[in-house]
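Colleague: Could you walk me through a few features of this model? I'd like to learn how to read them.

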Amino acid sequence: MVDYQYQKPSGLTCPAKIPIMKKYIYILICLIFTLAFDRNFGFAQINKKPVDYVNPYIGNISHLLVPTYPTVHLPNSLLRVYPERDNFTANTISGLPVVVTSHRGSSAFNLSPFQGDLKKIKSILRYGYDNEVVKPYYYEVDLDDYGINVQFAPSHQSGIYALNFSATNLPAYLVINTGDGELKADRNVVSGFQKLDNNTKVYLYLETDLAPTGSGTHKGDKIDFKEQYTNGRNAYLVLKYPEKTKQIKARYGISFISVEQAKKNLSREIKDYNLDQVAQTGKNIWNATLGKIAVEGTDETAKTIFYTSLYRTYERMICLSEDGKYFSAFDGKVHDDKGVPFFTDDWIWDTYRATHPLRVIIEPKMEGDMINSYLRMAQQMDDHWMPTFPEVTGDSRRMNSNHGVATIIDAYNKGLRTFNLADAYQYCKAGITEKTLSPWSSKKAGVLDQFFKDKGYFPALPAGEKETAPEVHGFEKRQPIAVTLGTVYDEWCLGNIAKQLGKTGNADYFLDKSKSYHTVFNPDTRFFHPKDANGKFIENLDYRFSGGLGARETYDENNGWLYRWDVLHNLGDLVEMMGGKQAFVDELEKMYNTPLGKSRSDFYYQLPDHTGNVGQFSMGNEPAMHIPYLYNYAGQPWRTQKRVRSLLTQWFRNDLMGIPGDEDGGGLTSFVVFSQMGFYPITPGLPMYVIGSPAFAKVKLDLGNGKKFEVACANYSPENKYIQSAKLNGVVWNKSWFSHADLIKGGKLELVMGKRPNKLWASDDSAIPPSFNMPAK
């Protein structure tokens, strides 16, 4: 790919006294330079496709916790790989990856090319490396200590390596590892499995284009060519190739069903050893996928951030269906998918907020298939509870709350009808009422859950009192405010499902319970404040620092300042609880103005997830994502426009530290996708979007069936972030929100932008977004 990094030529003019033909040519050159030049970033690459903008290195150095990974994969595919290293600054990589089986996992299996003294062969070799190239559909790196160049391209359930050797006077070797399993060799084929958690196995079938001179186990300075089988932890086989070997190509299939299925997956997807063709196919798939949203504008960096963020949302969930069958760790069986692909690997606490709502718009079929996968998981488990953190190895029940219910009602209220709502209701209800609400626990409901049912809040443990509830995780604690606020929102979602099913009594019950956030609201401080079982607010509480490590004894990962705004389903009521619109705005501003209150080292030692700070606001964690849009509910959307743009500029950048916190496979970057488009799904379950500030001149969403929704900005420039006026489908629009129905039928939101705010636009009470219910038509 050609990168244009020229600077604008100074004094470029078209001289008059030159021959007429040359003059026309010179004018044409001037025009080309003018069209190609980007006034912010020099010359823009002409005719770039969406995937050309993706920079997988964004965020590869973490501010505090987990970095992003430069993942090579096709959209939502089973096969994912990334370089095996601690983070971007690591001096070496560990072998070559074969498949990553979880979002933050290391590879199952490993491939290590080698030349030299056999005594130096290990199960996994560590390499110094250079000249690395990472694209969503292609990987290349030089293993410079050995003079080996590596190329890789993925398909959905298979991949291909090309290993290019410069030291052709030496034999070449391939070391193939399993972390815990077995491998066997048969001429140019290696197959086997690796054990994962919960009786789950991943299978490998690999073959090389060259026949080895021998294969076997490694013992000291020799290879035992008689042993074609190995097993156990970090077991490995070595394949030997002759001197003068310049290149070895290795193609392989992966399966969660069997070696035979892995072989079928390979033969279906990669029929020869043409790596370039596999890479080109992958590139075409990515362009078609990312091209579902087309953006126009002069800010090339904004496009890089946008398409990289969109690429991140396609890393998970992954499709496990293989020729119509799939292995489910939720019951340990292989199932017929009956024409509906099975997806898993989803951290719903992170992704329900914006990742799933984004798929409802641009990938509705896939989103429906994912929801059907949830229902299958719930049916297959002994306790038929909606999953919370479904992974390849089953539901890990991490974090707090049961937000799968939010994905159900959000999809249903936005028109998806490809799943059984009655079944979903039963599984969601069971997850909320039969399973304990205690974080990180899969135990059945206990005494604390009965307390929540009776009193409407999850009780806090008074300082110094020893925990006796067996369902409470020793490290994660009770997280009483996070559990209370998260669960009342889940009950609102559940009540709305019951309402859709005509279950009036259940609907009234859960919708009424969803307002019990009032029980933990302290009217004196206007914060949500943990209470003990006697109904008393915990004393001597500091909303910044109380609650121990990660504030888990009071909130969770973030402090009281952030959870102050966590009433997603009834934000209008929250405005009134704060004292009205101006008081609400004042308190929002106070949050951004309140300093850390400790040294940075002390603050982040206690609250390592509370990153991306602007005062006490934390852009680095998902519970913060809706907060910049709250000004709309107080009639001051210009402040939302200002805040969203400033947060994007401050914390989401085209550099190695360009992600402020744990990105969580699209959980955080979905905020970027929506925010750069100019609107955000602030309340999953209410079919509407609040308006922010678009970063582009035009955004076009392909809705399928020939329908498109467009956001178009008149008077566009990157610095013009304030909306002066608006039209929706040609009609003057003076509201700071619009409905999903307005979007999904296709149409156009036209915004006139300016450098300074129009504080009157959408400031009336009639302009404020709906809360709790959609307005009557």
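Modeller: Happily; we'll take a helix, the cysteines and a small sheet in turn.

Modeller: This is a predicted model, where local features need pLDDT of at least 70, side-chain atom pairs count only at pLDDT 80 or more, and totals for chains, interfaces and linings use all residues. Residues are numbered from 1 along each chain as its sequence is written, and side-chain values use heavy atoms, leaving out hydrogens and water.

Colleague: What span does helix 7 reach from its first C-alpha to its last?

Modeller: In general, an α-helix has 3.6 residues a turn. Helices here are DSSP runs of H or I with at least four residues, strands are runs of E with at least two, and both are numbered from the N terminus. The expected span is 1.5 Å times one less than the number of residues. Helix 7 (364–380) has 17 residues and reaches 24 Å, close to the 24 Å expected.

Colleague: How many of its residues are buried?

Modeller: Buried means under 20% relative accessible area, exposed over 50%, and partly exposed in between, with a 1.4 Å probe and protein chains only. In helix 7, 14 of the 17 residues are buried.

Colleague: How many disulfides are there?

Modeller: A disulfide is a covalent bond between the sulfur atoms of two cysteines. Taking a pair of cysteine sulfur atoms within 2.5 Å as the rule, the count is zero. For Cys493, the nearest cysteine sulfur belongs to Cys428, 8.7 Å away. Cys493 is buried, at 0% relative accessibility.

Colleague: Which strands are at the edges of the sheet?

Modeller: Strands pair through backbone hydrogen bonds, either parallel or antiparallel; here, pairing requires at least two DSSP bridges. This open sheet has the order 31-32-37 with antiparallel pairing, and its edges are strand 31 (679–680) and strand 37 (737–739). Three bridges join strand 32 (688–691) to strand 37, and Tyr689 has Phe738 in strand 37 as its bridge partner.
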